[in-house]
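Hi everyone, thanks for coming. Let me put the structure up, and then we can walk through a few side-chain contacts together.

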Amino acid sequence: MAVLDTDLDHILPSSVLPPFWAKLVVGLVAIVCFARSYDGDFVFDDSEAIVNNKVAGVVGRADLLCALFFLLSFLGYCKAFRESNKEGAHSSTFWVLLSIFLGAVAMLCKEQGITVLGLNAVFDILVIGKFNVLEIVQKVLHKDKSLENLGMLRNGGLLFRMTLLTSGGAGMLYVRWRIMGTGPPAFTEVDNPASFADSMLVRAINYNYYYSLNAWLLLCPWWLCFDWSMGCIPLIKSVSDWRVIALAALWFCLIGLICQALCSEDSHKRRILTLGLGFLVIPFLPASNLFFRVGFVVAERVLYLPSVGYCVLLTFGFGALSKHTKKKKLIAAVVLGILFINMLRCVVRSGEWRSEEQLFRSALSVCPLNAKVHYNIGKNLADKGNQTAAIRYYREAVRLNPKYVHAMNNLGNILKERNELQEAEELLSLAVQIQPDFAAAWMNLGIVQNSLKRFEAAEQSYRTAIKHRRKYPDCYYNLGRLYADLNRHVDALNAWRNATVLKPEHSLAWNNMIILLDNTGNLAQAEAVGREALELIPNDHSLMFSLANVLGKSQKYKESEALFLKAIKANPNAASYHGNLAVLYHRWGHLDLAKKHYEISLQLDPTASGTKENYGLLRRKLELMQKKDV
């Protein structure tokens, strides 16, 4: 058995270039790869992680932060061996403990980070300790008595480090359990269909097929997709499926590499391969479905750390090849060609992440059977006002996944806006039947039923939505509109008040309260509500307009005029703002100003019958005044 080797430069050789130039080259390559998207939009889940996230957007950096602390933990563990020869055991222990701490930080960023402890253990035993599995197996088979004197097993330093790593890992798992509990997140069949298969054989085959897809993405990252769920990868249900060839190819390569890593007589080769395989396999284990069900089929982000191992293996392979051939320039050209192709792919993919439209459409060629891809394209088109195209993609999403309630909800919303109420009701009813706690679909169903004059059913739908989502201001707002249509004014006001309590900036609810109180002659109460609303939302021109109307009716002309002018300054092209200010001036006796704003209002909206009528009355009044003067 070989003695402990702490000369890490043989295992982790430094770069050929000087450190400064190596960093500069890597930095420049990274800039070239990702420069196209630096000024891109926030896309896909960026909206939740960054745009709508109030504490910080650090959650969007989980994988990068995990990788950072993972690598720091590993380098810290390496440092323990470098320091053991210089400053003794105490310094070595410090670096091991620091490595465990950094591993804990990596885990807090992403659960995958805890696997660094396993990598450190494998590195310590197989790489530093040069543990030869083949030699041990042979001694066990031949009952060699020298096995009892195995230096590895009697190495107190190794046992101490393994104890620290094991204790650290157990502590991390305990803390994670205390914070988040023992139950795994709830996933659905569309997230990971293989994990819901009844047959263990089907599950095993598909899990291994997923591994082969991940391996292929490392080798040839051409098929990239923002989401691989919802039918993107059909299940393999029979061994006659041609895709099982991918499984055989994967395990042929892996078994070959593992045999070389564990059994090769070349100690240097064994250690390099072990390090590469350790980085390739160990960080991937949490995503393998072996220990618990995961919520995805393929997730490109989980390959970020395994790609380190892939690079180690690829570099070693080309290095070994160059030693056995005279065509070194050809090998160098191949390496540079691979780097260039991958850089080009990064540039292309970076451009696809510039906007949601490019990102979602890029997925169509990769996963045409993915309902979520069609859903996201439809949503993007709907946000841009292209409802006709959005309907087409939403219908395709529902066809691909007949239980896709979010696609049904969005499609129902568009049909509602296009007054296709019957189909909208059918879709939304089906959505809440599939997912009875889908509060948004219940609310939208209520809106459709209200439009169909089915008031009792609408009220019941709104109440059901609120039951499933108690803090639902928009639902209270719509419930208030229903009550207003039924002349249940007190109930309407209470519903809108609930909306503003839950969401103080709910401008529509405030406005409706002011308008209802105004229309029912409760001017003092309307004024109080309007002032309260403007204190909370001081720059809302629609609230200024509504309160100005109330003040005008209360003959508080000066204050009303100030609010009208402020509203017009914020929204100068609102015809009704000019028209109602003209009415105020008309009542106030400022007839020239009234004429001016009537004319502006009619220029903005020539079809406003009320404004036309009032303007006609004003003109007749001005003509009579001119005749009297004459």
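Let's begin with the aromatic cluster: Phe70, Phe74, Tyr77, Phe81, Phe123 and Phe279 are linked by ring pairs. Keep in mind that this is a predicted model. The aromatic pairs number 19. One of them joins phenylalanine 70 and phenylalanine 279, a tilted pair with 6.2 Å between centres and 55° between planes. That contact bridges distant parts of the chain, since phenylalanine 70 belongs to helix 3 and phenylalanine 279 to helix 10, 209 residues apart. Phenylalanine 70 is buried at 0% relative accessible area, and phenylalanine 279 is buried too, at 4%.

Now compare that with tyrosine 585 and tryptophan 588, which are stacked, at 6.2 Å centre to centre and 10° between the planes. Both sit in helix 26, three residues apart, so about one helical turn separates them. Is tyrosine 585 buried or exposed? At 3% relative accessibility, tyrosine 585 is buried, while tryptophan 588, at 23%, is partly exposed.

Two arginines also meet rings. The charged end of arginine 243 sits over tyrosine 209, 5.2 Å from the ring centre, and arginine 469 lies over the face of tyrosine 472, at 4.0 Å.

Last, the cysteines. There is one disulfide, between cysteine 232 and cysteine 367, with the sulfur atoms 1.6 Å apart. Each cysteine lies in a loop between helices, so the bond ties together parts 135 residues apart in sequence. Why is cysteine 78 not bonded to cysteine 311? Their sulfurs are 17 Å apart, too far for a bond.

Technical notes:
Residues numbered from 1 in each chain as written. Predicted model: local features only at pLDDT ≥ 70, side-chain atom pairs only at ≥ 80, totals over all residues. Heavy atoms only, no water. Disulfide = S-S within 2.5 Å. Helix = DSSP H or I, 4+ residues; strand = E, 2+ residues; numbered from the N terminus. Phe/Tyr/Trp six-rings, centres within 6.5 Å; stacked < 30°, edge-to-face > 60°. Buried < 20%, exposed > 50% of the residue type's maximum accessible area, 1.4 Å probe, protein only. Lys NZ or Arg CZ within 6 Å of the ring centre and 35° of its normal.
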